[in-house]
Amino acid sequence: MKPAQWWTLVISLAFVVGVGVTLVVDTYQNGVSLETIHKTVHVAIGAFGLTLYKKVGRSRAFVLANVILFGLVAFIGWSLPDFLGLAAFNRVDTILHTLVTLTGIIALSLRR
């Protein structure tokens, strides 16, 4: 597999499994909130990525789209911490969004 395919698979699994678990726990403990929507978006992106990772061109497009999306979210998180009180822009999520962005850039720059 190419680096973009590996990135797509790993990030997608992290979103579906990792964020999926926190979505269930958080929703059970706190009910439905904006955080529920935030986490559901991550799980949906991950599920979509799992359908794409086997195709090199589609996985590269997926990585690029995520680099743009999460790069923008990370930029907002660093520029306007806790923007509108949304968890997506808190310090921990901003660091995670930055890591997704940076690893995506690295995956796109590596060609084997």
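Where is the place of Thr-94? Thr-94 sits in helix α4, and the views below start with the whole chain before coming back to this residue. This is a predicted model, in which local features need pLDDT of at least 70, side-chain atom pairs count only at pLDDT 80 or more, and totals for chains, interfaces and linings use all residues. Residues are numbered from 1 along each chain as its sequence is written, and side-chain values use heavy atoms, with hydrogens and water left out.

**View 1. The whole protein, built from four helices and zero strands.**
Reading from the N terminus, the elements go α-α-α-α. Helices here are DSSP runs of H or I with at least four residues, strands are runs of E with at least two, and both are numbered from the N terminus. The C-alpha trace spans about 45 × 30 × 15 Å along its principal axes. The radius of gyration is 14 Å, which agrees with the value near 13 Å for a compact globule of 112 residues. That radius is taken over C-alpha atoms, and the globule rule is 2.2 Å times the number of residues to the power 0.38. Of the 112 residues, 38% are buried; buried means under 20% relative accessible area, exposed means over 50%, and partly exposed is in between (1.4 Å probe, protein chains only). Take the contacts with a separation of 6 or more, and 64% of them come from residues 24 or more positions apart. A contact means heavy atoms within 4.5 Å.

**View 2. Helix α1 against helix α4.**
Helix α1 covers residues 3-30, and its axis lies 9 Å from that of α4, at an angle of about 160 degrees. The axes are lines fitted to C-alpha atoms, for helices over the stretch in contact, and the angles run from 0 to 180 degrees between N-to-C directions. The two helices are therefore roughly antiparallel. For the angle classes, under 35 degrees is roughly parallel, over 145 is roughly antiparallel, 65 to 115 is roughly perpendicular, and the rest is oblique. On the α1 side you'll find Pro-3, Ala-4, Trp-7, Ile-11 and Phe-15, which meet Val-100, Thr-103, Gly-104 and Ala-107 of α4. Sort these contact residues by type and you get seven nonpolar, two polar and no charged. In that sorting, Ala, Val, Leu, Ile, Met, Phe, Trp, Tyr, Cys and Pro are nonpolar, Asp, Glu, Lys and Arg are charged, and the others, Gly among them, are polar.

**View 3. Gly-104, a buried glycine in α4.**
Gly-104 belongs to helix α4, which covers residues 91-109. Its relative accessibility is 0%, so Gly-104 counts as buried. Which residues does Gly-104 contact, leaving aside its neighbours within four places in sequence? They are Trp-7, Val-63 and Val-67. Trp-7 is 97 residues away along the chain, yet the two C-alpha atoms are separated by 6.9 Å.

**View 4. Thr-94, also in α4.**
Thr-94 is buried or exposed? With a relative accessibility of 1%, Thr-94 counts as buried. Apart from its neighbours within four places in sequence, Thr-94 is in contact with Ala-74, Gly-77, Trp-78, Ala-88 and Phe-89.

**View 5. The one salt bridge of the structure.**
Here the side chains of Glu-35 and Lys-39 meet, 3.8 Å from N to O. To qualify, a side-chain nitrogen of Lys or Arg has to be within 4 Å of a carboxyl oxygen of Asp or Glu. Both partners lie in helix α2 (residues 34-50), four residues apart, or about one turn of the helix. Glu-35 counts as buried at 16% relative accessibility, and Lys-39 counts as buried at 13%.

**View 6. Two positive phi values in the loop between α3 and α4.**
Most residues other than glycine have a negative phi. Asp-82 has a positive phi near 60 degrees, and Leu-84 has a positive phi of about 55 degrees. Asp-82 is in the loop that follows α3 (56-79) and leads to α4, and Leu-84 has its place in the loop between α3 and α4. Asp-82 is partly exposed, with a relative accessible area of 46%, whereas Leu-84 counts as exposed at 68%.
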